[in-house]
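I sat down with this model today and looked up a handful of things. Here are my notes, in the order I made them.

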Amino acid sequence: MRKSAVRGIIASLGVIGVLALTGCGPAPWTVDDPEATPSASATVAPPVPNDLSSGSTQRELVAGAVTAKVDYWSTLPMDRWTAGAVKPLSVSLVTSVTPDDGQKVYLQKATVTAVAAAGDRDLAPLEPQTDAATVAPGYLVLAPYSYSQTFNVGPLDEKATSVTLQVTFDFLVQTTPTSAEYAKQTATDTLTVAIAQPESDD
């Protein structure tokens, strides 16, 4: 057989092979692997703000002539601030007055109201907790004398993801160092604390 004829037969076989591969669909190395296809990204909820993420926080509140330095903390670890738990919030404060002419500052009462939330939706608030002074005109809180108390945040709705603690301090300030007359000043603050969620069974 002549060489030209042999080359023609080989060329024909090559064409047939290409056609056979084409007829069978895409080559195996080009087939999409369903398991290799990236799935759509899951929506991740933003983290809940937590003013007690380190276990404590400090604030400076100004109410008229009174400046209060307040410390907040909890003896309960944050991962145990669950909806059903009793959650202690400790408060300590000391005040100064400007101008300081020798008048005293007294705390009439401190109130904490807990308002739970599920995401951006508020849930029913708990009953306010109030520590009212048992002496007149109130508790002396002018430095170096301080006030401290622990409030317990009770069980919340099981859907709660956070709780906002609305804190109010009512002060009485002597109008003069020897006066029996007082001016009332009110300082307010808010703390947002994340509620620990139960672990998923998945």
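Which residue in S2 is the bridge partner of threonine 57? I found tyrosine 72 there.

**Ground rules.** This is a predicted model, so I took local features only at pLDDT of at least 70 and side-chain atom pairs only at pLDDT 80 or more, while totals for chains, interfaces and linings use all residues. Residues are numbered from 1 along each chain as its sequence is written, and side-chain values use heavy atoms, with hydrogens and water left out.

**The hairpin.** I followed that bridge outward. Strand S1 (residues 56-63) runs antiparallel to strand S2 (residues 66-73), and eight bridges join the pair. For my own reference, strands pair if DSSP finds at least two bridges between them. Helices (H or I, at least four residues) and strands (E, at least two) are DSSP runs, numbered from the N terminus. S1 and S2 form a hairpin with two residues between them. In the turn, glycine 64 has a positive phi of about 65 degrees.

**Whole chain.** I counted one helix and ten strands in the protein chain, and the helix comes ahead of the strands in the pattern α-β-β-β-β-β-β-β-β-β-β. Of the 202 residues, 33% are buried (buried is under 20% relative accessible area, exposed over 50%, partly exposed in between, with a 1.4 Å probe and protein chains only). Among contacts with a separation of 6 or more, 66% join residues 24 or more positions apart; a contact means heavy atoms within 4.5 Å. The accessible surface is about 12,800 Å², and carbon and sulfur atoms hold 55% of that (Shrake-Rupley method, 1.4 Å probe; for residues, only the protein chains shown count as cover).

**Confidence.** The average pLDDT is 84, and 76% of the residues score at least 70; pLDDT is the predictor's confidence in each residue, from 0 to 100. Over residues 2-6 the pLDDT is below 50, and this stretch has one contact beyond near neighbours in sequence. Residues 8-24 also stay under 50, with one contact beyond four places in sequence. Where pLDDT is low, the predicted coordinates should not be read in detail.

**Strand S9.** Is serine 162 buried or exposed? Serine 162 counts as buried because its relative accessibility is 8%. It lies in strand S9 (residues 162-174). Not counting residues up to four places away, serine 162 touches residues including Val48, Val115 and Ile195.

Aspartate 170 is in S9 too. I looked for a salt bridge (a side-chain nitrogen of Lys or Arg within 4 Å of a carboxyl oxygen of Asp or Glu). Aspartate 170 is buried yet has none; lysine 109, the nearest side chain of opposite charge, is 4.1 Å away. Lys and Arg count as positive, Asp and Glu as negative, and His and the chain ends are not counted. Beyond four places in sequence, the contacts of aspartate 170 include Tyr106, Lys109 and Lys184.

**Two exposed spots.** Threonine 188 is found in strand S10 (residues 182-194), and it counts as exposed because its relative accessible area is 55%. Its C-alpha is 4.5 Å from that of threonine 168, 20 residues away in sequence. Outside its neighbours within four places, threonine 188 is in contact with Leu61, Val167 and Thr168.

Alanine 136 lies in the loop between strand S6 (129-132) and strand S7 (139-140). With a relative accessible area of 78%, alanine 136 is exposed.
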